[in-house]
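User: Hi! I'm new to this one, could you walk me through it?

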Amino acid sequence: MQQDKVDEVPQVLQDLHGYLKRDAPSSLFDKRVMATPVAAIKTLLGVVQRSKATTMMELQDELKQARAIMIKDFEQGSVSTDRGRSLIALASGCDLFLKYITRSFLELPDFEACRQEVLLRGERFADISVAARDCIADVAADFIQEGTTVLTHGWSRVVASILMKAAETKHFDIIICEGRPDGAGSKAAKFYAEHNSNIPTTVVLDSAMGYVMESVDIVLTGAEAVVENGGCVNKMGTYTMALCAQAHGKPFYVASESYKFARLYPLNQKDLPNMGNMPLKSLDTTRSADGEESTDMKEIVLPKNVKVENPPCDYTPA
């Protein structure tokens, strides 16, 4: 029994990494890309399929162990990658599935009948979750009116789905913050600019969000998680953007799939789980004395006694 559990460890991670694998640089509009919570749910379905458990308690223990393995894998990868940002989303997908397992057993006390129903409904739920972005886009596209300017932040496929849906019938502009340190906003802007929808796109510095706020009509962001008090967790800078929008009286909308609803109740930024500290390079991108743009950007090397704090996400209260 113990040997089976040891052998299960690499299989869980193999499944998870397989669902999240990218064969090529990921496109903002690629609907085949699986969200982290959906990948977690499908991984747990694999655990149920392979399980030799004979009681619900044994099955729940196996699922909790698989959850812990996936969480630990993301925590270890959060130091040098953006996995830390998806840590809460991963946990919310696992918790949603575990809650569903418990409810299914209450409906079907016979263990084997319950297990088969979980597999059937789980696959159906995963398929529905994949289509969630299109459902959100159908509803939210009406929030974008003709001739408006939309400010957004970061790399969000659900936001992209909304903008593409709205662009089918309306003309509008989008402004995107560059999204340091990974340049997520700039990467998203590249895809928007090259898309056949031809949406006029402008990239601004993250620090310029207050400067451009007076010229936008609505603010639209995605979310890594929606927490129990109604707030959201998203890419660093979202909270600042929300405060700027509030100060200017601009509507601020967060688009998120329901499988990102997390069992968290943060009261401040320090209540968020540790998502790592992303590497940060400080670059001098100013022009040279003769006015020509420098092609050799110089990195500013900070002394060792300067602490760099760069968490991937912040919490925005409702």
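Analyst: Happy to. Let's start at tryptophan 155, which is partly exposed, with 27% relative accessibility. Keep in mind that what you see is a predicted model.

User: Thanks! How many helices and strands are there in the protein?
Analyst: The protein has ten helices and ten strands.

User: And how much of it counts as buried?
Analyst: 45% of the 318 residues count as buried.

User: What share of the contacts with a separation of 6 or more comes from residues 24 or more positions apart?
Analyst: Such residues account for 76% of those contacts.

User: Let's zoom in on E1. Is it largely enclosed or open?
Analyst: All five of the five residues of E1 are buried, so the strand is largely enclosed by the rest of the structure. Both of its faces are covered. On one side the buried residues are Thr149, Leu151 and His153, and on the other they are Val150 and Thr152.

User: Which way does E1 pair with strand E2, parallel or antiparallel?
Analyst: Parallel, over five bridges, with E2 spanning residues 173–177. At leucine 151, the bridge partner in E2 is isoleucine 175. To get from E1 to E2 the chain passes through H7, and this β-α-β crossover is right-handed.

User: How many bridges join E1 to strand E4?
Analyst: Three, and E1 and E4 (residues 218–221) run parallel. Leucine 151 turns up again here, with valine 219 as its bridge partner in E4.

User: Moving to a helix: which residues are buried in H6?
Analyst: Those are Ala132, Arg133, Ile136, Ala137 and Ala140. They span an arc of only 135° around the axis, which places them on the same side of H6.

User: What do the buried residues of H6 pack against?
Analyst: They pack against H7 and helix H5 (111–130).

User: New topic, aromatics. How many aromatic pairs are there?
Analyst: The count is two aromatic pairs. One of them joins phenylalanine 143 and tyrosine 253 edge-to-face, at 4.9 Å centre to centre and with 70° between the planes. Phenylalanine 143 sits in the loop between helix H6 (132–140) and strand E1 (149–153), while tyrosine 253 is in strand E7 (residues 252–254), so the pair ties together parts that are 110 residues apart in sequence.

User: Is phenylalanine 143 buried, partly exposed or exposed?
Analyst: It is partly exposed, at 43% relative accessible area. Tyrosine 253 also falls in the partly exposed class, at 31% relative accessibility. The other pair, tryptophan 155 and phenylalanine 191, is edge-to-face, with 5.4 Å centre to centre and 80° between the planes.

User: Ah, there's the tryptophan you began with. Where do tryptophan 155 and phenylalanine 191 lie?
Analyst: Tryptophan 155 is in the loop between E1 and helix H7 (157–167), and phenylalanine 191 is in helix H8 (residues 184–194), so this pair ties together parts that are 36 residues apart in sequence. Phenylalanine 191 is partly exposed, with a relative accessible area of 24%.

User: Back to E7 for a moment. What is valine 254 in contact with, leaving aside its neighbours within four places in sequence?
Analyst: Valine 254, which belongs to strand E7, is in contact with Thr221, Gly222, Ala223 and Cys232. The C-alpha atoms of valine 254 and alanine 223 are separated by 6.7 Å, though these residues are 31 residues apart along the chain. Valine 254 is partly exposed, at 35% relative accessible area.

User: You mentioned a cysteine. How many disulfides does the structure hold?
Analyst: Zero. Take cysteine 177, which is in no disulfide: its nearest cysteine sulfur belongs to cysteine 244 and is 9.0 Å away. Cysteine 177 is buried, with a relative accessible area of 0%, and cysteine 94 is buried with a value of 0%.

User: Last one. What is the order of the open sheet of three strands?
Analyst: The order is E5-E6-E10, with antiparallel pairing. Strand E5 (225–226) and strand E10 (313–316) are the edge strands, each pairing on one side only. Strand E6 (residues 232–235) is joined to E10 by four bridges, and lysine 235 has cysteine 313 as its bridge partner in E10.

User: Great, that helps a lot!

Technical notes
Residues are numbered from 1 along each chain as its sequence is written. This is a predicted model: local features need pLDDT of at least 70, side-chain atom pairs count only at pLDDT 80 or more; totals for chains, interfaces and linings use all residues. Side-chain values use heavy atoms; hydrogens and water are left out. Rings of Phe, Tyr and Trp (its six-membered ring) pair if their centres lie within 6.5 Å; planes under 30 degrees apart count as stacked, over 60 as edge-to-face and the rest as tilted. Helices (H or I, at least four residues) and strands (E, at least two) are DSSP runs, numbered from the N terminus. Buried means under 20% relative accessible area, exposed over 50%, partly exposed in between (1.4 Å probe, protein chains only). A disulfide is a pair of cysteine sulfur atoms within 2.5 Å. Contact means heavy atoms within 4.5 Å. Two strands pair if DSSP finds at least two bridges between them. A crossover is right-handed if, with the strands pointing away from the viewer, the path from the first strand over the helix to the second runs clockwise. The arc is that of the directions from the helix axis to the C-beta atoms.
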